[in-house]
Amino acid sequence: MRSEVLQMIEESFFTIAKAAAIILAGIAVGQIIQHYFWRRHLWQKVRQRQKECQKAFRKLDDDLNSLNFDEEALQAICNLPTSELQEGLQSGKYSALEVLAAYQTKALQVNKRLNCVTEPILEAKANAKSLDEHAEKEGLLYGIPVSLKENYQLKGYDCTMGLVNYTGKLFKDDAVLVKVLRKQGAIPFVRTNIPQIMMTYECSNPIYGRTDNPYDATRTPGGSTGGEAALITAGGSIIGFGSDIGGSIRVPSHFCGCYGLKTTPERLSQKGISSLSKGQFIVSGSVGPMARDLDGLVLATKAILCDYMYALDRSIPPLSFRDEIFQSKRPLKIGYYVNDGYLQSVPACQRAVMMAKTALEAQGHTVISFDPPDVPRMWTELYLKTVAGDGGRKFYEAIQKDIPDRCVWNLLFITRVPRWLLWCMKTIIRLVTQDPVHTEGLMSSKGCRSVCEWWQQAEVVEAYKDKFMKKWDDLGLDGVICPVFACVAVPHGYVTEIIGAGTYSMLYNVLNYPAGSLPLTKVTSEDVQQLENYPNRRYFEKNIKKASEGSIGLPVNVQCVCLPFQEELVLRVMKEIETGLKSMGDH
Ligand SMILES: CCCCCCCCCCCCCCCCCC(=O)NCCO
């Protein structure tokens, strides 16, 4: 009797187990099939989008061929510095259409080599014609073609941020900044490439592909405003616009060798700028101009800081460009550093800061040593824990339903690994990387666990800001110069291995300080030789050293930082450095 009962239990157990196995296998197969069809649908969308862009490129090519402009004359226009181009347009020496054609032609050529443009803005031609038809030449940017990062919303265009799911969702209106640019007479003419979700210093996504560095195609132009930096540096645009929540304007400017300005987050309107970090107000993103020369950067900043922007976005303090700060001759006291206390910058970046220091001194300014406080903690506990405050959920949700690009694999991995598993792996990771800060960074990127912790996070960041500003004030500083990044442009696919090098830029996102990226020099053979003395113990150090081999000739920028809302002073410091170098015959 007993054995019959046992047998019955045994049989029903096996029946239930079999049924469960069949159901589970069914669910798994169903999910695989669903995934297959979803991916197929996404790739169809990619092909559709690529076809549309190719059509737009062909249309532009045909248009340009039909215009019959003299190639040499167009090239000459592209070689003009910003001030001469502006003057030529204002005086009527060049028509807006001619200048546009020059830049369209050049952008197409550059794009064939670097893949930095996502698509041309075909309405540009009508905009230029309409400017040419009006007698009065209004606006500081009258007739100047400008390029825009792909996340700037434009009427009739989508903003994908490299996500396939966002293709074909067209915006009904231009971003406020785009409206302001148009009001100032600028002609938006191309949109430029970005990395998927814009949270890395690479520049690739499954829709538009990968952008190459103008100096070395095996290296990245940086990100996330990488397409802009590549296009401007290679001569395909003279002024462009980007966004920055961790260095995305400054780092690509440094990797490619153009000018960039990350503004104070509240100084310029961000209405109509797409980002996955909207709603995260502790470390806010910023927008800002990028340019081929410093005059262009100043002109673009002046142009957008105008009454029209304040009328369109009433939340922005009406603080127009203060020329008296930019033009002032008051001697300045500037702090400098080449090592932020986490990762030492490579010799080329150190030399660039020392060149800037000498130039400022030659201009009669005082330059003293400055140590930014607690940078490792700033990076892990403040920056990473905030930008991934939701445990990276927003990023993860956007990527997991999409086609993840290689440049976001690590982000995907970190956001997927449960906190407890990461905690268990801590010791091993620390042993491998020889870097407790890196391990803390990984833990911090799991974000905050409650609203209470999020509020505390805001308080901790505020306390750090106070501490930093106190140190700044105690020394009576007007500004700080330092590296933009711990090394120069790295090979494609290598950014994750050196991500800690970004602390030089991320710091000023935590603080909300405006910061400029100023091209100063190129890596020399001596710089590379001196890498021998670069530390080689921790994971990031080893990788920075490795990535810096073969970097001779790559551009090196310097970062110029001032207190919030002092963009004019940042530009002045940049100008003083350039003037100082010129007077020393170095630039
Ligand atoms: C120890 C490694 C920790 C990695 C954790 C990754 C999780 C958080 C991701 C943050 C990475 C920050 C890189 C910043 C890149 C620049 C982003 C930027 O400025 N984007 C502009 C957006 O408008």
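Around the ligand in this predicted model there are 25 residues, of which Ser243, Gly246, Ser248, Gly441 and Ser445 come nearest. By class, the residues of this shell divide into 11 nonpolar, 13 polar and one charged. Several secondary-structure elements contribute to the shell, with β6 (239-244), α13, α15 (409-416) and α17 (436-444) each supplying at least two residues, and the largest share, three residues, coming from α17. Because both domain 1 (46-321) and domain 3 (375-463) give residues to the shell, the ligand lies between these two domains.

Helix α13, which supplies residues to the ligand shell, also takes part in the surroundings of helix α19, since the buried residues of α19 pack against α13 (375-387) as well as α8 (250-256), α18 (451-474), β11 (479-483), β12 (515-522) and β13 (555-561). The residues of α19 that are buried are Thr503, Tyr504, Ser505, Met506, Leu507, Tyr508, Asn509, Val510 and Leu511; these are nine of the nine residues of the helix, which is therefore largely enclosed by the rest of the structure. Just after α19, Asn512 takes a positive phi of about 65°.

A further helix pair is formed by α4 (residues 96-114) and α5 (residues 124-133), whose axes come within 8 Å and cross at roughly 155°. Because angles over 145 degrees count as roughly antiparallel, α4 and α5 are described as roughly antiparallel to each other. On the α4 side of the contact stand Ala96, Leu97 and Leu100, which meet Ala124, Lys125, Ala128, Lys129, Leu131 and Asp132 in α5. The contact of α4 with α5 has six nonpolar residues, three charged residues and no polar ones.

Technical notes:
Residues numbered from 1 in each chain as written. Predicted model: local features only at pLDDT ≥ 70, side-chain atom pairs only at ≥ 80, totals over all residues. Buried ≥ 20, exposed ≤ 12 C-beta atoms within 10 Å, placed from the backbone. Helix = DSSP H or I, 4+ residues; strand = E, 2+ residues; numbered from the N terminus. Contact = placed C-beta atoms within 7 Å. Near = placed C-beta within 6 Å. Nonpolar A, V, L, I, M, F, W, Y, C, P; charged D, E, K, R; others polar. Domains from an automatic or database assignment. Axes fitted to C-alpha atoms, helices over the stretch in contact; angles between N-to-C directions. Parallel < 35°, antiparallel > 145°, perpendicular 65-115°, else oblique.
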